[in-house]
Amino acid sequence: MTARRATRERTTKETSIQIALDVDGGGANVDVTTGLPFFDHMLSQIGKHGGFDLTVHAEGDLHVDAHHTVEDVGIALGEVFAEALGDKAGVRRFASGLYPLDEAVAEVALDLSGRPYFVWDVPLGEVLPLGNPPFDPQMAEHFWQSFTTSAGITLHVRLKDGKNTHHIVECVFKGVSRCLRDAVRVEGSGVPSTKGVL
């Protein structure tokens, strides 16, 4: 099987990002620095629970706020993910499940469809910034929307229960990561679509 890995550098007036992803790396090698400790913690879940070796180094205009950094990392990571999967021959394609973290439970369903579509039903209630510099929990939605669009996948996320904002955001990241791990698993040789392409 061809190695499923890719790298990307993305530089704008707002951010500078370097990403390396090995879909079959196993998740033991994860190195994330964005200047936002809570966001680093969440991105590390993608490597660990996705079973991916992942490097993300990002510098952004955090003096403005975290928006550009979070958005651009989502865009770049989605592009790298799509490139690493190539034609998606043999992948399982679909994955779904319920993912708990203490009192919080997220329902995640995804399809490596080649068609970006994003559904987010994750009410957060009172929103307080997490970490220092602060990460706005509402940016979790924007990150996954950016990732979904760039990766060309269909992603549905719904919160089934939860009160603690940290727990809610983290169970979403863990749940999506676990679904990505299941969906990219190679089970055959052909592209899993009646169209012949994804």
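Good morning. Let me begin with a definition: a helix axis here is a line fitted to the C-alpha atoms over the stretch in contact, and the angle between two axes runs from 0 to 180 degrees between their N-to-C directions. With that in mind, please look at helix 1, residues 37–50, and helix 2, whose axes lie 12 Å apart at an angle of about 15 degrees. Angles under 35 degrees count as roughly parallel, and so helix 1 is roughly parallel to helix 2. I should add at once that this is a predicted model.

Let us stay with this first pair of helices. Helix 1 passes helix 2 in a right-handed crossing. On the side of helix 1, the contact is made by Phe39, Leu43 and Ile46, and on the side of helix 2 by Thr69, Val70, Val73 and Leu77. Sorted by class, this contact of helix 1 with helix 2 has 6 nonpolar residues, 1 polar residue and no charged ones.

We turn now to the partner of helix 2 further along the chain. Helix 2 also packs with helix 3, their axes being 7 Å apart and the angle about 30 degrees. This angle makes helix 2 roughly parallel to helix 3. The crossing of helix 2 with helix 3 is again right-handed. Many residues take part: helix 2 contributes, among them, Val70, Val73, Leu77 and Phe81, while the residues from helix 3 include Met139, Phe143 and Phe147. What classes of residue make up the contact of helix 2 with helix 3? There are 10 nonpolar, 6 polar and 2 charged residues.

Two residues of this contact, Phe81 and Phe147, deserve a closer look. Their ring centres are 5.6 Å apart and their planes stand at 50 degrees, so the pair is tilted. To follow that reasoning, recall that planes under 30 degrees apart count as stacked, over 60 as edge-to-face, and the rest as tilted. The pair links distant parts of the chain, for Phe81 belongs to helix 2, residues 67–85, and Phe147 to helix 3, residues 139–151, with their positions 66 residues apart in sequence. Are these two residues buried or exposed? Both Phe81 and Phe147 are buried.

The structure holds 11 aromatic pairs. Phe81 and Phe147 also belong to one aromatic cluster, whose other members are Phe38, Phe39, Phe52, Phe135, Phe143, Trp144 and Phe173.

The third pair of helices is helix 3 and helix 4, the latter covering residues 165–183; their axes come within 11 Å and cross at roughly 20 degrees. Helix 3 and helix 4 are therefore roughly parallel to each other. Their crossing is right-handed. Helix 3 brings Ala140, Phe143, Trp144 and Phe147 to the contact, and helix 4 brings Val169, Val172, Phe173, Val176 and Leu180. Which classes appear in the contact of helix 3 with helix 4? It has 9 nonpolar residues, no polar ones and no charged ones.

I shall close with three single residues. The first is Leu21, found in strand 2, residues 15–22. At 4% relative accessibility, Leu21 counts as buried, since buried means under 20% relative accessible area. Leaving aside neighbours within four places in sequence, Leu21 is in contact with several residues, including Phe52, Leu54, Val80 and Phe81. One of these, Leu54, is 33 residues from Leu21 in sequence, yet their C-alpha atoms are 4.8 Å apart in space.

The second residue is Pro134, which sits in the loop between strand 7, residues 117–121, and helix 3. Pro134 is partly exposed, with a relative accessible area of 45%. Not counting residues up to four places away in sequence, Pro134 touches Leu36, Ala66 and Pro129. From Pro134 to Pro37 there are 97 residues in sequence and 8.4 Å in space, C-alpha to C-alpha.

The third residue is Ser189, in the segment after helix 4. Its relative accessible area is 67%, and Ser189 is exposed. Apart from residues up to four places away in sequence, Ser189 touches Ala89 and Gly90. By contrast, Ser189 and Leu101, which are 88 residues apart in sequence, lie 35 Å apart in space, C-alpha to C-alpha.

To return to the helices: helix 1 is roughly parallel to helix 2, helix 2 to helix 3, and helix 3 to helix 4. Thank you for your attention.

Conventions: Residues are numbered from 1 along each chain as its sequence is written. This is a predicted model: local features need pLDDT of at least 70, side-chain atom pairs count only at pLDDT 80 or more; totals for chains, interfaces and linings use all residues. Side-chain values use heavy atoms; hydrogens and water are left out. Rings of Phe, Tyr and Trp (its six-membered ring) pair if their centres lie within 6.5 Å; planes under 30 degrees apart count as stacked, over 60 as edge-to-face and the rest as tilted. Helices (H or I, at least four residues) and strands (E, at least two) are DSSP runs, numbered from the N terminus. Buried means under 20% relative accessible area, exposed over 50%, partly exposed in between (1.4 Å probe, protein chains only). Angles under 35 degrees count as roughly parallel, over 145 as roughly antiparallel, 65 to 115 as roughly perpendicular and the rest as oblique. A crossing is left-handed if the near helix is turned anticlockwise from the far one by less than a right angle, and right-handed if clockwise. Contact means heavy atoms within 4.5 Å. Ala, Val, Leu, Ile, Met, Phe, Trp, Tyr, Cys and Pro count as nonpolar, Asp, Glu, Lys and Arg as charged, and the others, Gly among them, as polar.
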